[in-house]
Amino acid sequence: MARKRNPKKTENPEKESPAELKKTLSDAHDPKRRVLMNVLDSEQLRVAIAGPGGLEELYIERSANGFAHGNIYKGKIQNIEPTLQAAFVDIGGEKNGFLHASDVIPPFGGYDDVLKRRKRKEKAKSGRPAIEDMLYKGQEVLVQITREQLANKGPSLTTYISLPGRYLVLMPAVSKRGVSKKISDDRERHSLKNILDQLEPPRDMGYIIRTAGMGHGKEELQKDLGSLTRLWDAIKEQARNSKPPLALYQESDLVVRAVRDFVYDDVEEIILDSREAFEQAKTFLDAFMPEFTERLYLYEDGEPIFDRYGVEQSIERTFDRSVRLPSGGEIVIEQTEALVAIDVNTGRFRKGDSTRETILAMNKEAAAEAARQLRLRDLGGLVMLDFIDMDSAGDRRAVEEAFRAATKRDRARTTILPISQLGVMEMTRQRIRQSVKKTLYTPCPCCDGTGIRKSTDVLGLEFLRKVRGFYDEHQGNVTVRMHPEAALALANSKRAAIAAMEAEKKSTITIAADERLTYGDIELDFDGKA
């Protein structure tokens, strides 16, 4: 039976009192880590992971996005670009996928037992073959999406397919076997490696034990491995009997993925606001994670779940350019197409008896918040963090270690370089999908996403220049159509200049407000005709 999260009625009053239910994530003293799922509106699914310090991670997915990260397709090569060392693959989407030579299994893309290809004589070459020696136009390939479509760029693809389970990731194309790098405990790694030697994987297949596999025995891991191999057999069978382009495997929806990927031992509650999604999550937990079933709750209160736990307000603050730090400082985040710049400002921050101590404490606090914001906003690509200058190499290492520690919970791959003498840290963060901001917002039509627009003075001068240019070729009355705000401002500020031009040209200049236009647009009509 589903357990309700309702302040008026609690199935286990000893475990959770109504007063405790009213706590929100903004309460820094609330020690619980929760996975909250807002899935009432099927068009948009939202998952929030919250802990003692508030909102930690946020995932938003639209149901219309059919070409998601992790999906597997049988595609057809549409074009080979030797200069880019890449191929463009038709997988049935609006844009062809991008397949780089480094993501092609040599010598011809792999999966020869599944795909029909023309016979080709393998050329003996040292090193990785060129893209034109591995693939040809019209060739069938099995590919997986590694990065979703971003702006005008098609999805990025790989032929190195991987299938994630609860505890393992199966890699049919490679024979590598190991333990996730995120499992740092030497004793745990040694124990899991011993289990690896006892498992019975298919021949020539690789797999990695995920972080969620910690503390689990051979029987559970073998069961997970069996499920993944059966799934791979079904994918291969479908690929043999179908024509491209075709989706062979689609990642589970966000509800199952959230339970599979985000629920660890430190998660005390999993709360969903949809009975259908609750039953879906319960079925998965009963089958693969029965120890977590008791932590699953159905939320049925009238107040939206994200409002109850303070998440909605935190989401709105996520898109602020400036983020205040608890001690009074701030970080400023600027995002471009390929680069994210994060600047650290001290503000009113004061801690310690010296300037050096203050700067070190400020930078360490900013490092932790910057790592959190990168996760929350799902920012990827090249990231530049400009810390306050530190003269001591030891202080720079301390801040760098604080940042690395804060990124341990990040599921995206990161590469972090040491902080330079100028206080700048460079890093890259794996870009898998659109950032949260670009998922929820579209650029402003007035400023085209720049956040700025022309001042009234500049717009007035542009208006006068256009009218003068118009009179060089025409004679007669002119109607100038502008956005209502701009029209009112210019009618007042340029009244004398307009009157002088009317007297000079012996005509009438009329400024008309037009709500169809954006601020900055200027349209001229001559005697009512453009």
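**Exercise 1.** In which sense do S11 and strand S12 pair, and over how many bridges? Place this pair in its sheet.

*Solution.* The model is a predicted one, in which local features require pLDDT of at least 70 and side-chain atom pairs count only at pLDDT 80 or more, while totals for chains, interfaces and linings use all residues. Residues are numbered from 1 along each chain as its sequence is written, and side-chain values rest on heavy atoms, with hydrogens and water left out.

Step 1. Helices (H or I, at least four residues) and strands (E, at least two) are DSSP runs numbered from the N terminus, and two strands pair if DSSP finds at least two bridges between them. S11 and strand S12 (residues 206–209) pair in the parallel sense, over three bridges. The bridge partner of Val-179 in S12 is Ile-209.

Step 2. Helix H3 (residues 186–198) lies across S11 and S12 and runs at about 155° to S11. Such angles run from 0 to 180 degrees between N-to-C directions, with axes fitted as lines to C-alpha atoms, for helices over the stretch in contact. Helix H4 (residues 218–240) packs on the sheet as well, touching S9, strand S10 (168–171) and S12, and its direction makes about 35° with that of S10. Contact here means heavy atoms within 4.5 Å.

Step 3. The sheet is open and has four strands in the order S9-S10-S12-S11, with mixed pairing. Strand S9 (163–164) and strand S11 (177–179) each have a single partner strand, so one side of each is left without a neighbour in the sheet.

**Exercise 2.** Which strands stand at the edges of the sheet S23-S22-S24, each with a single partner strand? Describe the pairing and the helix packed on this sheet.

*Solution.* Step 1. The order S23-S22-S24 belongs to an open sheet of three strands with mixed pairing. Its edges are strand S23 (509–513) and strand S24 (522–526); each has a single partner strand, so one side of each lacks a neighbour in the sheet. From one strand to the next, the twist averages 25°.

Step 2. Strand S22 (residues 478–482) pairs with S24 in the antiparallel sense over five bridges. Within this pair, Val-480 stands opposite Leu-524 in S24.

Step 3. Helix H13 (residues 484–493) packs on the sheet, where it touches S22 and S23; its direction makes about 145° with that of S23.

**Exercise 3.** Which strand gives the most to the lining of the second largest pocket? Characterise that lining.

*Solution.* Step 1. A pocket is found on a 1 Å grid over the protein atoms alone, as an open set of points where a 1.4 Å probe fits, with protein on both sides within 12 Å along at least five of seven lines; lining residues have an atom within 4 Å of a point. The volume of the second largest pocket is about 1000 Å³, taken as the space filled by probe spheres set on the points.

Step 2. Of the 31 lining residues, Gln-335, Lys-437, Lys-438, Pro-443 and Gly-449 are the closest to the centre of the pocket. Strand S17 (330–335) and helix H11 (436–440) each supply at least two residues. S17 gives the most, with three residues.

Step 3. By class, the lining holds ten nonpolar, ten polar and eleven charged residues.

**Exercise 4.** Is Tyr-111 buried or exposed? Examine the loop in which Tyr-111 is found, together with Asp-113.

*Solution.* Step 1. Tyr-111 is found in the loop between S6 and H2. Its relative accessibility is 9%, so Tyr-111 counts as buried; buried means under 20% relative accessible area, exposed over 50%, and partly exposed in between (1.4 Å probe, protein chains only). Phi of Tyr-111 is near 60°, a positive value in a residue other than glycine.

Step 2. Asp-113 has its place in the loop between strand S6 (97–100) and helix H2 (131–134). At 49% relative accessibility, Asp-113 is partly exposed. Leaving out residues up to four places away in sequence, Asp-113 touches Lys-236 and Arg-240. Asp-113 and Arg-240 are 127 residues apart along the chain, and their C-alpha atoms are separated by 8.7 Å.

Step 3. Pro-107 also lies in the loop between S6 and H2. The peptide bond joining Pro-106 and Pro-107 is cis, with omega about 5°.

Notes
Nonpolar A, V, L, I, M, F, W, Y, C, P; charged D, E, K, R; others polar.
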